[in-house]
Amino acid sequence: MSIYGTMRTGVSGMAAQANRIGVVADNMANVNTTGYKRSSTQFSSFILNSQAGSYNSGGVETHIRQHVSQQGALQYTTSATDLAVNGNGFFVVSDANGTPFLTRAGSFVPDGEGNLINAGGFQLMGYPLANGDPNVVVNSMAGLTPVNITQNALEATPSTQGIFGANLPSNADIVAAGDRPSDNVAGSVFEAKSSLVTYDNLGNEVILDIYFTKTAANEWEVTVFDQAEAGPGGGFPYGAGPLDTQTLVFDPANGRLDGGSPNALNIAIPAGQAFALDLSAMTQVAADYTVMRANVNGNAPSAVRGVEFSSDGTLYAVFENGDRRATHRIPLADVRSPDNLVATAGNIYSIGINSGDVTMGFPGEGGMGTMVTGALEQSNVDLADELTNMIEAQRGYQANSKVFQTGSDLLEVLVNLKR
């Protein structure tokens, strides 16, 4: 056996154990780092070819394995912008240069410009919803923009669509022509009335008065007026004619709208946009007039008071007047081999050759994990395991140092043979 080979083998063993201690040190230092994924040291033998009658000692090589796919425990917080992924997937974040990265660290807070950033200073990325549903590129991060929660402050959005559903009593009296709301005469007779708030182009409230009048068996007239045109006392006659009138026809067999019946109102909001009110949920059964659903989009000018995330990744801006507007949808990214992602400072990961290509999706869809709001994923480091690994590495280092020391002693004996 070569004495020099023995010493080199001892050095190789000490270097390997030093690497292991370094990994343990990193894990223990980040035991409280949000979203941190521990690493472990794996050893593989390095054997040299030997001939009969002699043995050439080799050494040991170390390989660092990341346990990125191992889920950390969730800790719930009181912050609405704290996010965690339960299952597969990563948040997409970017640095100041716009370079995208993946992370599980979801402790986001708004910076001075209103962008949501995590503890590492990276911006959360999402798809803007200003132009409707996002166009998601499944295998690319294209189309993502920094999520900003203040860019909608003091903006007004005109109403363009809404949904109204109610039950009309089937036993209501029929009103003759000439006395109906569509005639707009004093004393117009109707069965039920509801009012809806909509918004014009500048965010002013435009209240619509909606009247329901039975005109024949299984037929109802729906008439809409601008409340601002109401006569003295708030009723008929209005100063201007109806904004729209339709006749709903119900199927007597089930009380739902007949297939040939109109199912929407098309209203031109004064100083606003064309407004479509969906009436497909209307029914006619033997019960009192009951409103079951009334939703209208748009909002008045108001500052953003806060934000809310839904479980499907949609970010809502909550305005001071109580309105909510969907502004972004937060995707998740995943790769085939998360443990082979390239770890970078700031608790982020880059896509590498061995990790596989990225796949984009939304929380809870296509194998992606769910997004938990008001929670943070804790480090997956187990202190007990790390302390055990540290002791083992220390003992291994000491043992390898003894091998080196023994080789040194043998070399000294060999040198002294000349004396």
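**Exercise 1. In which sense do strand E5 (residues 91-94) and E9 pair, and over how many bridges?** Then find the other partners of E9.

Solution. The model is predicted.

Step 1. Look at E5 and E9: they pair in the antiparallel sense, over 2 bridges. One residue pair to find here is Ser94 with its bridge partner Gln123 in E9.

Step 2. Move to strand E10 (residues 145-146). E9 and E10 run antiparallel and are joined by 2 bridges. Gly126 has Thr145 of E10 opposite it.

Step 3. Turn to strand E24 (residues 324-329). Again 2 bridges make the link to E9, and the two strands run antiparallel. Pro128 has His328 in E24 as its bridge partner.

**Exercise 2. Decide whether strand E9 (residues 123-128) is mostly covered or mostly open.**

Solution.

Step 1. Apply the cut-off: a residue is buried when its relative accessible area is under 20%.

Step 2. Count the residues of E9 that meet this cut-off: 5 of its 6 residues are buried.

Step 3. Conclude that E9 is mostly covered.

**Exercise 3. Give the strand order of the open sheet of 4 strands that contains E13, and explain which strands stand at its edges.**

Solution.

Step 1. Write the order: E13-E14-E15-E16, with antiparallel pairing.

Step 2. Check the ends of this order. Strand E13 (192-199) and strand E16 (244-249) each have a single partner strand, so one side of each lacks a neighbour in the sheet and both stand at the edges.

Step 3. Add the twist, which averages 25° from one strand to the next.

Step 4. Examine the pairing of E13 with strand E14 (residues 205-216): the two run antiparallel and 8 bridges join them. In this pairing, Ser194 stands opposite Ile210 in E14.

**Exercise 4. Describe the largest pocket: how much space lies in it, and which residues are the closest to its centre?**

Solution.

Step 1. State the volume: the largest pocket holds about 500 Å³ of space.

Step 2. List the residues at the centre. The lining has 19 residues, and the closest to the centre of the pocket are Gln161, Asn295, Val296, Asn297 and Gly298.

Step 3. Sort the lining by class: 6 residues are nonpolar, 8 are polar and 5 are charged.

Step 4. Trace the lining back to the strands. At least two lining residues come from each of strand E12 (161-169), E13, strand E20 (290-296) and E24.

Step 5. Link this to the earlier exercises. E13, which supplies at least two lining residues, is an edge strand of the open sheet. E24, which also supplies at least two, is joined to E9 by 2 bridges.

Conventions: Residues are numbered from 1 along each chain as its sequence is written. This is a predicted model: local features need pLDDT of at least 70, side-chain atom pairs count only at pLDDT 80 or more; totals for chains, interfaces and linings use all residues. Side-chain values use heavy atoms; hydrogens and water are left out. Two strands pair if DSSP finds at least two bridges between them. Axes are lines fitted to C-alpha atoms, for helices over the stretch in contact, and angles run from 0 to 180 degrees between N-to-C directions. Buried means under 20% relative accessible area, exposed over 50%, partly exposed in between (1.4 Å probe, protein chains only). On a 1 Å grid over the protein atoms alone, a cavity is a set of points where a 1.4 Å probe fits but cannot get out, and a pocket is an open set with protein on both sides within 12 Å along at least five of seven lines; lining residues have an atom within 4 Å of a point. Grid points are joined across faces, edges and corners, and a volume is the space filled by probe spheres set on the points. Ala, Val, Leu, Ile, Met, Phe, Trp, Tyr, Cys and Pro count as nonpolar, Asp, Glu, Lys and Arg as charged, and the others, Gly among them, as polar.
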